[in-house]
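Subject: A structure for you to look at

Hi there,

I have a structure to hand over to you, and I thought you might like some notes to read alongside it. Please open it first and have a look around.

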Amino acid sequence: TLVFAIIYFEIIRPPSDFPTHQYITIEEGESLDSLSRTLEEKNIVRSAWWLKSIILLRGGQHYVQAGDYLFAHPVGSFSVARIITTGAYGLVPLRITIPEGTTVAEMTEIFEDKLFKFNGDNFFKMASPYEGYLYPDTYHLLPNVTEDEVFRVMRDTFEQNIAEFEQDIENSQDTLNEIITLASIIEKEAWKHKDQLLISGVLHNRLDLGMKLQVDATFTYTHNKGTYQITLTELADEDNPYNTYVHKGLPPGPIAAVGHSAINAALNPKPSNYLFYLADRSGNTYYSATYAEHLSKKRRYVD
């Protein structure tokens, strides 16, 4: 009994600093000696020699499964031997939500925080040309997926969702890039669907009349600033292609991820004679047909 107690406490029992909720990778082709030493160094087991002995006694030396393992709670050496010879990886899909209006830069931070094999720099380089074409959704992803897989899944999800609007897009006089760019502005300017439809109508009216869009959302994209932080110098900056205060028409491309509601609004604007809108600090939106009316509402609801 004393011998068993010594063996348990000194060899089999999990180390006191067992790394729970950390990911351990067993490389393909890694030798049993190397693997056992790695698990001892990472405080998964107390003794590399004993772990190797247990695996050999169980006849499992030919069945060690390479891959990524998650140990959610401390387990003893016999359990570790069983886990790595049966491929009980312990990985559970993570629920990761990418909200509408999220930029590629913001997505990168969200995924980098959750996925341990995700390379943020690679994803940003890969995804930046597809701003607006990665679908905002709740994804269920294994924690060891790479940035390539995340990119593929988000692109596939976008294609699946945009297919619903195929007929509307074909009937539109605008290109897909123009539609998604407009939808991304609508996405950032309003979150209520009724406002998205009305704002789409205002923006269509201004585009049809050759007026500058004069939307603040594009400054959030280029300067990471809100409406009340934009300076007069920035408003006059002609070198910024996303500055809709000086350049007519739409900016060069989308400024955020677009969801179903914003795409629908871009394709189906609510007709009106409005040419102006503004939002107060509580998120309420007010619409005007004339500049004088717009200024009056600005003094009343904003200033």
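Below are my notes on charged pairs, packed helices and a couple of single residues.

Please keep in mind that this is a predicted model.

**Charged pairs**

Let's begin with the salt bridges. Side chains of opposite charge can pair when their charged atoms come close. Counting nitrogen and oxygen atoms within 4 Å of each other in such pairs, the total here is 6 salt bridges.

One of them joins Lys52 to Asp33, with 2.5 Å between the closest N and O atoms. Lys52 belongs to helix 3 (residues 48-57) and Asp33 to helix 2 (residues 32-41), so this pair ties together parts that are 19 residues apart in sequence. Are these two residues buried or exposed? The answer lies in between: Lys52 is partly exposed at 26% relative accessible area, and Asp33 is partly exposed at 38%.

Another salt bridge links Asp68 and Lys117, whose closest N and O atoms are 3.0 Å apart. Asp68 sits in strand 2 (residues 67-70), while Lys117 is in the loop between helix 5 (104-114) and helix 6 (120-127), so the pair ties together parts 49 residues apart in sequence. Asp68 has a relative accessible area of 6%, and buried means under 20%, so Asp68 counts as buried. Lys117, with 36%, is partly exposed.

**Inside helix 7**

A third pair to find is Arg152 with Glu149, where the closest N and O atoms are 2.6 Å apart. Both residues are in helix 7 (residues 147-162), and being 3 residues apart they are separated by about one helical turn. An α-helix has 3.6 residues a turn, so residues three or four places apart point the same way. Arg152 is partly exposed, with a relative accessible area of 39%, and Glu149 is partly exposed too, at 31%. The pairing also reaches further, since Glu149, Arg152 and Asp156 are linked in a network of salt bridges.

How far apart should the ends of helix 7 be? With 16 residues at 1.5 Å a residue, helix 7 should span 22 Å, and the C-alpha atoms at its ends are indeed 22 Å apart.

Several residues of helix 7 are buried, including Val150, Phe151, Val153, Met154, Phe158 and Ile162. Which elements cover the buried residues of helix 7? Among them are helix 5, helix 6, strand 4 (138-141), helix 8 (166-171), helix 9 (176-189) and helix 13 (260-267).

**Two pairs of packed helices**

Two packed helices are described by the angle between their axes and the distance between the axes.

Try helix 2 and helix 3, which you met above through Lys52 and Asp33. Helix 2 and helix 3 pack at an angle of about 130 degrees, and their axes are 8 Å apart. The two helices are therefore oblique to each other, and their crossing is right-handed. On the helix 2 side, the contact is made by Leu32, Asp33, Ser36, Arg37, Leu39 and Glu40; on the helix 3 side, by Ala48, Leu51, Lys52, Ile55 and Leu56. You will spot both Lys52 and Asp33 in that contact.

Next, turn to helix 9 and helix 13, which pack at an angle of about 120 degrees with their axes 8 Å apart. That makes helix 9 oblique to helix 13, and the crossing of helix 9 and helix 13 is right-handed. Here Ile179, Ile180, Leu182, Ala183, Ile186 and Glu187 of helix 9 meet Ala262, Ile263, Ala265, Ala266 and Leu267 of helix 13.

**Two residues to look up**

Asp168 is in helix 8 and is partly exposed, at 32% relative accessibility. Leaving out neighbours within four places in sequence, Asp168 contacts Leu267 and Asn268. Phe276 is 108 residues away from Asp168 along the chain, and their C-alpha atoms are separated by 26 Å.

Ser288 is in strand 6 (residues 285-288). Is Ser288 buried or exposed? With 1% relative accessibility, Ser288 counts as buried. Not counting residues up to four places away in sequence, Ser288 touches Tyr274, Leu275, Phe276, Glu293, His294 and Lys297.

Enjoy exploring!

Best wishes

Technical notes
Residues numbered from 1 in each chain as written. Predicted model: local features only at pLDDT ≥ 70, side-chain atom pairs only at ≥ 80, totals over all residues. Heavy atoms only, no water. Salt bridge = Lys/Arg side-chain N within 4 Å of Asp/Glu carboxyl O. Helix = DSSP H or I, 4+ residues; strand = E, 2+ residues; numbered from the N terminus. Buried < 20%, exposed > 50% of the residue type's maximum accessible area, 1.4 Å probe, protein only. Expected span 1.5 Å × (residues − 1). Contact = heavy atoms within 4.5 Å. Axes fitted to C-alpha atoms, helices over the stretch in contact; angles between N-to-C directions. Parallel < 35°, antiparallel > 145°, perpendicular 65-115°, else oblique. Left-handed = near helix turned anticlockwise from the far one by under 90°.
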